[in-house]
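User: I would like to learn how to read strand pairing, ring pairs and pockets in a model like this one. Could you take me through them in turn?

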Amino acid sequence: MSDQDTKIPLPLAGPRPDEKEIEEALEFSSLLQEFGRLLSGEYDRRMPMSRGQSAVVALLMENDGRTQTELADDMVMHKVSVGAHVDELVQQGLVERRPHPTDRRSKQVWLTPYFHSVKFLGQGVFTMIHARAIEGVSKKDYAHAVKVLTAMRDNLKKLKDETGG
């Protein structure tokens, strides 16, 4: 076996970055990761459902009636794991499974009337955390930050499409 047989494939990248570029990229990435961790941690501490359950509910609020496979794809999780979250939400009366109208092998997951009657509680927690996070930030700075992060997200989506990711 030669040395070339044991080498790992190299990542797709551009020219070698300088130390300042590396430092800036790491600082930015660390900041976003910490922000996400703090935000989700606060939400998790205050809500009576797991992060996985919250993710299912959030996706259904965007587009109710998804199949478990669609939820799993959007959550980048295995169908069985998503099924466990859905089972727990069914037991809590927050979602229900219904037969798919065109595919008798699958079921759709729907938010229940009970969920809709209590969703304002979770929305209140989320808006309270959001208000606290932006405390001391001007409306102008906040709007600019959202604009910049949206542009960065769109750039990353384009990169994903370009690289077949």
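Analyst: Let us begin with one residue pair: Val95 stands opposite Leu111 in S3. The model is predicted, so local features need pLDDT of at least 70 and side-chain atom pairs count only at pLDDT 80 or more, while totals for chains, interfaces and linings use all residues. Residues are numbered from 1 along each chain as its sequence is written, and side-chain values use heavy atoms, with hydrogens and water left out.

User: How many bridges join S2 to S3, and in which direction do the two strands run?

Analyst: Strands (E, at least two residues) and helices (H or I, at least four) are DSSP runs numbered from the N terminus, and two strands pair if DSSP finds at least two bridges between them. Here five bridges join S2 to S3, and these strands run antiparallel. S1 is joined to S3 (residues 107-111) by two bridges, also in antiparallel fashion, with Arg66 opposite Val109 in S3.

User: What is the strand order of the sheet, and which strands stand at its edges?

Analyst: The sheet is open, with three strands in the order S1-S3-S2 and antiparallel pairing. S1 (66-67) and S2 (95-99) each have a single partner strand, so one side of each is left without a neighbour in the sheet. Helix H3 (residues 51-62) packs on the sheet and touches S1, S2 and S3, where contact means heavy atoms within 4.5 Å.

User: Which rings form an aromatic pair, and with what geometry?

Analyst: Rings of Phe, Tyr and Trp (its six-membered ring) pair if their centres lie within 6.5 Å, and planes under 30 degrees apart count as stacked, over 60 as edge-to-face and the rest as tilted. A search of the whole structure finds one such pair: Tyr43 and Phe126 are edge-to-face, 6.1 Å centre to centre with 80° between the planes. The pair links Tyr43 in helix H2 (residues 19-46) with Phe126 in helix H6 (residues 113-133), 83 residues apart.

User: Is each of these rings' residues buried or exposed?

Analyst: Buried means under 20% relative accessible area, exposed over 50% and partly exposed in between, with a 1.4 Å probe and protein chains only. Tyr43 is buried at 19%, whereas Phe126 is partly exposed at 42%.

User: Which element gives the most to the lining of the largest pocket?

Analyst: H2 does, with eight residues. Phe126 appears again here, as one of the lining residues closest to the centre of the largest pocket.

Conventions. Axes are lines fitted to C-alpha atoms, for helices over the stretch in contact, and angles run from 0 to 180 degrees between N-to-C directions. On a 1 Å grid over the protein atoms alone, a cavity is a set of points where a 1.4 Å probe fits but cannot get out, and a pocket is an open set with protein on both sides within 12 Å along at least five of seven lines; lining residues have an atom within 4 Å of a point.
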